[in-house]
Structure formats: structure tokens, C-alpha cells
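Me: I should like to learn how to read pockets and burial from a set of coordinates. Could you take me through one case?

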Amino acid sequence: MTASWQSLATQKREAILAAIPSEWRIPHPPSVEEQVDVTEYIKQFLSQEELEVTESSADQIAVKTTTGQWSAEKVTRAFCHRASLAHQLLHCLHEIFFDAAIEDAKRLDAHYAQHKSPIGPLHGVPVSLKDQFHVKGVETSMGYVGWIGTFEGKKGTGKEKVFESEMVRELRNAGAVLYCKTSVPHTLMTGETVNNIIGYTLNPKNRHLTSGGSSGGEGALIGIRGSPLGFGTDIGGSIRIPAAFNGLYGLRPSTGRLPYEGMANSMDGQNSILSVVGPLAKSAASLRLATKALLLQKPWLHDPLVHEVPWREDQHEEMLRLTTSDEKLCFGLIATDGIVNPTPPVRRATNLVAEALRSAGHTVIPWNSPSHKPILDTGFKSWVFDGGKDVCSAFALSGEPMADQVSFYSSDLKEATGSEIAATNVELRRLKKEYMDFWNSTVDATGTGRPVDAVICPLAPWPAAREGKYKYYGYSTWVNALDYTSVVVPVTNVDKSVDVKEEGYTPIDEADKGVQDDYDPEIYDGAHVSVQIVGRKLQEEKMLAVAEYVGGLIGK
């Protein structure tokens, strides 16, 4: 008799909990109403040594593990403990392989003891992975009940026992310790993380809110310091949304900069707007460490879609120089895209960054670009080219229902023809050229002799969405459609006494009204508020430098 999807999901959910050592169980986890913010609550279950380790950023940890000051095993055990606590409070893990991680950490320590040198720049740094990465001996469900006990829905292949994604191999070569995989929404196509296996992933700073998606488990885990560094993917904001909602830095690189080879995915083969891999962490320096460590592995030799572009230290240093020299920088400012307005705390955060830059002597000018609406409308078509066949076939494996957040795939979608896909690609190319020409034209307004160096922009209209209410993706997806580089920077927190609703607000339309109506200062109080800093294509070094500078400027 075939097991029901409910029983399969229950078995998997219980297996995840069973992988947590009994001494790390929280006897009576508080309800959301009892403990809205669990970022401080979690600390009572950790020793002082564990707190010292887990409150450190990845770049700080690397300094100590690569010099033998901290053992990889000590660091790994501390993060395994904190990740276990995080899952019980937030539902953020899909896979736990702590025993394998501790054995890997012991081997790293033995190597250091023998050679008095690290294996690589990430030696002994625990790294969490979104559940799209294949790790040998570890299942990849990607939130689908029908993928449980299979390799991407296919039974009997045995590949899950031996196969690893290219980036997993490179992380191991750099000395990283892999110990868990994090939750995703089934389909990967929503800014909230929900599936029928672990339920809904919560935001650790404010559990009334979402942790974001689709790398929502990464955002929640790193946000509560259950991981110092993690990797997610982004096709419409899926790295940047969780980074922003959880007060983290997150890098969305341009396509072809970091390896995607061997990853599980939705709608594989849709090449009009590609998903990209990127890091999330509590500091911009950690993102830089991770990106440099991967590029040292020469991924272009192992992934045919990666450009042969090593880390360009000169570009990073030049951008840092411009932040402090008399030449200064010029930023474009998107206060609103004119389609949906940001809510009060997001407006305040954007203005805080702009004013801090002006006070430091930089120029900030309005970003009067071509309308983003044609970019968004054209880009969205790529998400449904196959008429929903890929994701619907994954649901059909078990008969499980799809969450309301992705229910647009259950509607009567029409599969695009080859001619329609070609026409969409032509239009995307035209829109990229139009935007490129506009960006070039800003040289006449900057006063620097260069076009605008970077654009400050909201990442979403709210600090974080409430459950079931993520309805507008325009602030994130324009970056994907144009294939620009973007880094999220945390700025502030919602203050209900300051970020009040605007009296007499006149909405642009019903979509804007819905977003503004969803904002409630009482519910949002304390939530993280972030912005994104957008650069042109393949400007990872420059944007990481700007993000690090801006973070320091605003005290984050």
C-alpha cells in the first residue's frame, strides 16, 4: 500500500527533529504570542563559550580557525547546537548531518595539527546550505513530499549517496564544514518559506512575520546566529529577500560569476532569467571572504556557464578608495518605483542611507530611469514558460496540495511556444539595452566624470511580509531581469512610535492599497529594515566594497 503524502511528510518532519540530540531539545518551546522575538531568548540554552563562537561573524571565525586559535570541532559543535535550537523555534531545517560535520571538523583539526596550516580560507568555518544543494549521503527534497526518498523525484538511482553539487565540492576544498540544509518553499517561487514537510518558516526577530523566501531557512538560521555563513539562490529576490527580512547582508551576483552546476532547481532549462547562487551572512566582510574563497577554486574550469573572472582586488580597492578620497561617489536613489510605494519604515531606511552618504560628502541624485513595469511584466513570463508543468509534476508525485503562495501554478496557465519564448528574449534584450543607455547617460548628472556608481533601492515594500501577504516583487525582480549585481545592507529596525501609518494616504491603485493596508506598526515593531545597493552587471567586487562602507557608515 502506498503511503499518503501526509504520512510521508510527518515521517520526514519527525526524522528532522529526531536528528537533534536530546540534550539540545527545548522542553517547552514558547508560542509566538509568548515570545515574538527569539534572538535573545535562544541564548539561555548556550554556554559562554558557545555564545562567543556563534556570535562571531564568518570572517572573524576564519581568523581564529585558520590560525589554530579555535578548533574546527569546537566551532562546529557550537553551531550544530544553536542550529538545533533555531529549528525548534523557527522550522528552518530540512536536513541535519551533524555527525558527518563533526567528523569533517576533526579531520581539519588533524590536518592543522600536522601541517600547522589551514586547508583553505574557510578552514573550520561552518556553512549552511539551501536545500537545493546536493550533498553526498544527504537527501534533497526541495520542499516536495514527492522527492522524499528519491533523487529529484526519481527512485532507485542511488545518486543521493555519492553526488555533490559543484559548489559543495569547492566549499569542502576551501575548508568549510557543511552541517545542515535549510528550508525552502516548494517550487522555490515565493517570498515566503512554506511547504507540507516542515510548515512555515518564521522570522526570528519577529515571529509574526515571514523569514522570506525562497532561501528563507538560510535567512532565519543565520538571522538567529545558527549559522555564520550560508548560501542561497536568487531568481526573483530569493537571496536578498531573506537577507533583508533577517537583518543580514546578502549578495545576488550576476549570472556566471559563481557555480550553479549540479544544483536541484525548478524549471531547469529556463534560460531567459537564470537563478544564481550567492552568500548570506551577518557582515559584508563575510560575503567577501566566501566569494573570494570560491573564485580561488577557478569554478570556470568545472561549470561551463561560469565566466573566467577571478576575484578583482583592484576593483574592490578602487571603490573603497573612492569612499574616502576627495573624488567621492555618486548614488542614484529609488525612493519608489511608482508602482507600489514602500511602507513608512522602508522609506525611512532608504532616506537614512541617502542622508548618511550625503553627510559623508557623496552625491545622491534621483534615479529617473525608464519605468520598471515593462521589465517586471516581461520578466514574469519566464517563470511560467512551461505552463507550470515542472512544478505540477513534482506535486503529482505525492498528491500533496500546493501552498496558496504558489497557487498561480494551479491556474489555467498556457505553455509558451518557441516563438513566444524567443520574443520574450528579444524584449528582455531591448529592455537591458535601454536601461544600459540610461545608466550611461547619468554621467552628465553625477559631477564625477563617471556614470552613477550604485543605486540605493528598497528590496521590498515592507520590512518583512506577514504570512500569506507577499504580493509584490517589483523591487527585487527588476535586478534579476537586467542581471545586475545587488547587495542587501541592514539599516535599522521598525519603531512603532516613529514608523506610523501615513494619515490620509492616497494609494496608487488596489495593489498599492493592499500593501499599505497590511502594514501595522504594532505588529511590525522591532522588525529589521534593510535596503539593497545595486550595481551593474558583474560588479561584485565594487558592490561588496560599497556595502561594507555603507554598513560602517550607518553603524551596521
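Reply: The turns below treat the pockets first and then a single residue. Please note that this is a predicted model.

Me: How is empty space found, and what volume does the largest pocket have?

Reply: Rolling a probe the size of a water molecule over the atoms shows where empty space is left. Here, the largest pocket has a volume of about 720 Å³. Its lining comprises 33 residues, with F380, W383, K471, Y472 and Y473 lying nearest the centre. Two or more lining residues come from each of α12 (373-381), α16 (474-482) and α17 (510-518); α12 gives the most, with 6 residues.

Me: Into which classes do the residues of that lining divide?

Reply: The lining of the largest pocket divides into 16 nonpolar, 9 polar and 8 charged residues.

Me: What is the volume of the second largest pocket, and which residues are closest to its centre?

Reply: The second largest pocket has a volume of about 490 Å³. It is lined by 28 residues, and Y260, D268, L274, S275 and L305 are the closest to its centre. By class, this lining holds 13 nonpolar, 11 polar and 4 charged residues.

Me: Turning to one residue, is A454 buried or exposed?

Reply: A454 counts as buried because its relative accessibility is 0%, and buried means under 20%. This residue belongs to strand β11 (residues 454-457).

Me: Which residues is A454 in contact with, beyond its neighbours within four places in sequence?

Reply: They are C330, F331, G332, W439, I533, V534 and M543. A454 and V534 lie 80 residues apart in sequence, yet 5.5 Å apart in space, C-alpha to C-alpha.

Definitions and conventions. Residues numbered from 1 in each chain as written. Predicted model: local features only at pLDDT ≥ 70, side-chain atom pairs only at ≥ 80, totals over all residues. Heavy atoms only, no water. 1 Å grid on protein atoms, 1.4 Å probe; cavity = no way out; pocket = protein on both sides within 12 Å on 5 of 7 lines; lining within 4 Å. Points joined across faces, edges and corners; volume = space filled by probe spheres on them. Helix = DSSP H or I, 4+ residues; strand = E, 2+ residues; numbered from the N terminus. Nonpolar A, V, L, I, M, F, W, Y, C, P; charged D, E, K, R; others polar. Buried < 20%, exposed > 50% of the residue type's maximum accessible area, 1.4 Å probe, protein only. Contact = heavy atoms within 4.5 Å.
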